[in-house]
Structures are given as C-alpha cells and as structure tokens.
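User: Please examine one part of this structure closely, and then set it in context with the other local features that can be described. A single connected account would be preferred, with the cut-off of each term given where it is used.

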Amino acid sequence: MEPKLPESVIYEKRGPIAVITMNRPEAMNSLTKEMLIGLEAAFDDFEADPALRVAIFTGAGERAFCTGLDLKVALPALNEGDALGYEDPAKRPFQRNFKPIITAVNGMCVAGGLEFMLGTDIRIAAGHVKFGLAEVRWGVVPAGGSHIRLPQQVPWAIAMELLLTGNTIDAQRACEVGLINKVVPADKLMDEALAYAQRICDNGPLAVRTAKEIAVRALNNEPAFVLEKTMSARVFASDDAQEGPRAFAAKRKPEFTGR
C-alpha cells in the first residue's frame, strides 16, 4: 500500500529509481512536522519496496533544496518539547536507510536541509547553491546529526567554520572540501543524478545495499547522536532559543543573553 503523504512531499517510482521531492517552494522548502513525517514515510516505503534500488532526493523549484525547519512553526514546537517525530535520541535522517540515496541539490541547502544531505550518499549540486548551518545565528544548534556527521565528512576546520560562524559556502567550495561530489548547471542536475542512479542500478542490488550498510553500521554513530540530543536540549530550552526565532520573524538582530 502506498503511503499517504502531504502535498509537501512528492514520491515517484520510476522503475528501480525513487524520486522524493520536498514540495514547499513558496516557503523555500522549509520543514514542517507534517513534512518531516511524510518524508519518513516515503523513505520507509522506498527501503521496504524490493523493486526500488536507489532514491533521488531533491526540492521543488530552483531557489531552495531546503532551508531547514520553518522557524515560525516547527522551531517553536521544538522549543516546547515536541520531538517532531524524532523521539528516539539515536534517530537521525536516513540513519536506518541502507539503500543508496542521491541528493540533487537544486537550491539553497542550509540548516536542516544540509542535515538531511549529510545523511545521503552521493550529492550533486547546481552551481548557484549555497551550503551552511545558520542555527547559531538564531541561538540554537543543528541537532539533526551535524555535530557528528559533518566532522566525519569534511576536514575539522571546515566543519567548525560552518558550525560556529553560521556562514555559507558556495557549491564549488563545497565540492573542493568533499561535502558534495559534483557541481553541474542547474538544467543538467536531474540528468546527472539519474545517470548516477542508473549506474548504481547496473550493479548487484544485494552487494550495493550491503556495502552501504557496512559503512553506516561501522561508524557506530548512535551513541554520538544520543550525546548530541542530550546536550542540545539545554540550548532549545534557553531564553536565547526563544529570542532567536522572535528576531528572525521580526527581521532584526537577536539580543542574546547567554541564558
């Protein structure tokens, strides 16, 4: 049975390839609770369907792949203790998906968008894309696995630059430091992602899935994810975490107190 999904998540099956699209282009594909639950349902179905071998994950439109949690809706809920479907402290995006996931990064990829991308395997980006983790600018932290996955995937100094400054880097720099695999013109993005997907589909499906599962399980990230969840809770419960979204909504500089 096909999962029932919100309009903000599009799930297509093209032979052995699944294409899963975040569909809130009018809101820069920012994430709501409904959207997070819908994405999980789509990727669970992809993982369980024996006919599917590879997923391509992308966003609608050209402005944004995903700009993270909707600060006006989802972040206040998180401040109030809603886990937004991530009650398990060891759970992070795609941690339990062992089939390959290719990300076609069509636009701005920041905050939770980057955190989703960090859980995928091959990443192709359009030339105009910017990457970053802006959470500290608004008094919170990127608690979706970034503190663990990012330093595993790029040099320490690059990871710290992104985590501590809130600055963005462009697609070319992201490719240079190994955050993504390839930069292509925007109009060639899906063609390139489909070419990678087809190349993977040509290989033995059991071998491909096993190769990824070994690599993921060998990292043993679950204890580190629990540490991230536990320590980030004090930030989300702080006055600063209340002030950040208020300042964002009012389009002003936040006035942090460190409490």
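Analyst: In helix 4, the buried residues are S146, I148, R149 and L150; "buried" denotes a relative accessible area under 20%, "exposed" one over 50%, and "partly exposed" the range in between, with a 1.4 Å probe and protein chains only. The model is predicted, so local features need pLDDT of at least 70 and side-chain atom pairs count only at pLDDT 80 or more, whereas totals for chains, interfaces and linings use all residues. Residues are numbered from 1 along each chain as its sequence is written, and side-chain values use heavy atoms, with hydrogens and water left out. Helices (H or I, at least four residues) and strands (E, at least two) are DSSP runs numbered from the N terminus.

The cover over the buried residues of helix 4 includes helix 3 (112-118), helix 5 and helix 9 (222-236). For helix 5 the geometry can be stated in detail. The axis of helix 4 (residues 146-153) comes within 7 Å of the axis of helix 5 (residues 156-165), and the two cross at roughly 145 degrees. Here the axes are lines fitted to C-alpha atoms, for helices over the stretch in contact, and the angle, on a scale from 0 to 180 degrees, is taken between N-to-C directions. The crossing of helix 4 with helix 5 is right-handed, that is, the near helix is turned clockwise from the far one by less than a right angle, an anticlockwise turn being left-handed.

Which residues of helix 4 and helix 5 meet? From helix 4 they are S146, H147, L150 and P151, and from helix 5 W156, A159, L162 and L163, contact meaning heavy atoms within 4.5 Å. By class, the residues of this contact comprise 6 nonpolar, 2 polar and no charged; Ala, Val, Leu, Ile, Met, Phe, Trp, Tyr, Cys and Pro count as nonpolar, Asp, Glu, Lys and Arg as charged, and the others, Gly among them, as polar. S146 and L150 appear among the buried residues of helix 4 and also in its contact with helix 5. An α-helix has 3.6 residues a turn, so residues three or four places apart point the same way.

Helix 9, which takes part in the cover of helix 4, contains V226. V226 counts as partly exposed because its relative accessibility is 31%. Leaving out residues up to four places away in sequence, V226 touches P89 and A90. Between V226 and A77, 149 residues apart in sequence, the C-alpha distance is 20 Å.

The loop between helix 8 and helix 9 holds N220, whose phi is positive, about 50 degrees, although this residue is not a glycine. N220 is partly exposed, since its relative accessible area is 48%. M28 is likewise not a glycine and has a positive phi of about 55 degrees; its place is the loop between strand 2 and helix 1 (33-48), and it is partly exposed at 22% relative accessibility. Most residues other than glycine have a negative phi.

M28 is among the residues touched by A64, together with N29, G59, N106, G107 and M108, residues up to four places away in sequence not being counted. A64 belongs to strand 4 (residues 64-66) and is buried, because its relative accessibility is 3%. The C-alpha atoms of A64 and C109 lie 6.5 Å apart, with these positions 45 residues apart in sequence numbering. G59 is also touched by T21, under the same exclusion, as are S8, V9, I10, E12, T58 and A60. T21 is located in strand 2 (residues 17-22) and is buried at 8% relative accessible area.

The aromatic residues complete the description. The structure holds 8 aromatic pairs, where rings of Phe, Tyr and Trp (its six-membered ring) pair if their centres lie within 6.5 Å, with planes under 30 degrees apart stacked, over 60 edge-to-face and the rest tilted. F57 and F65 form an edge-to-face pair, 5.4 Å centre to centre with 80 degrees between the planes. F57 is buried, as its relative accessible area is 0%, and F65 is buried with a value of 0%. Both belong to one aromatic cluster formed by F43, F46, F57, F65, F94 and F116. K99 lies over the face of F46, 5.3 Å from the ring centre; the criterion is NZ of Lys or CZ of Arg within 6 Å of the ring centre and within 35 degrees of the ring normal.
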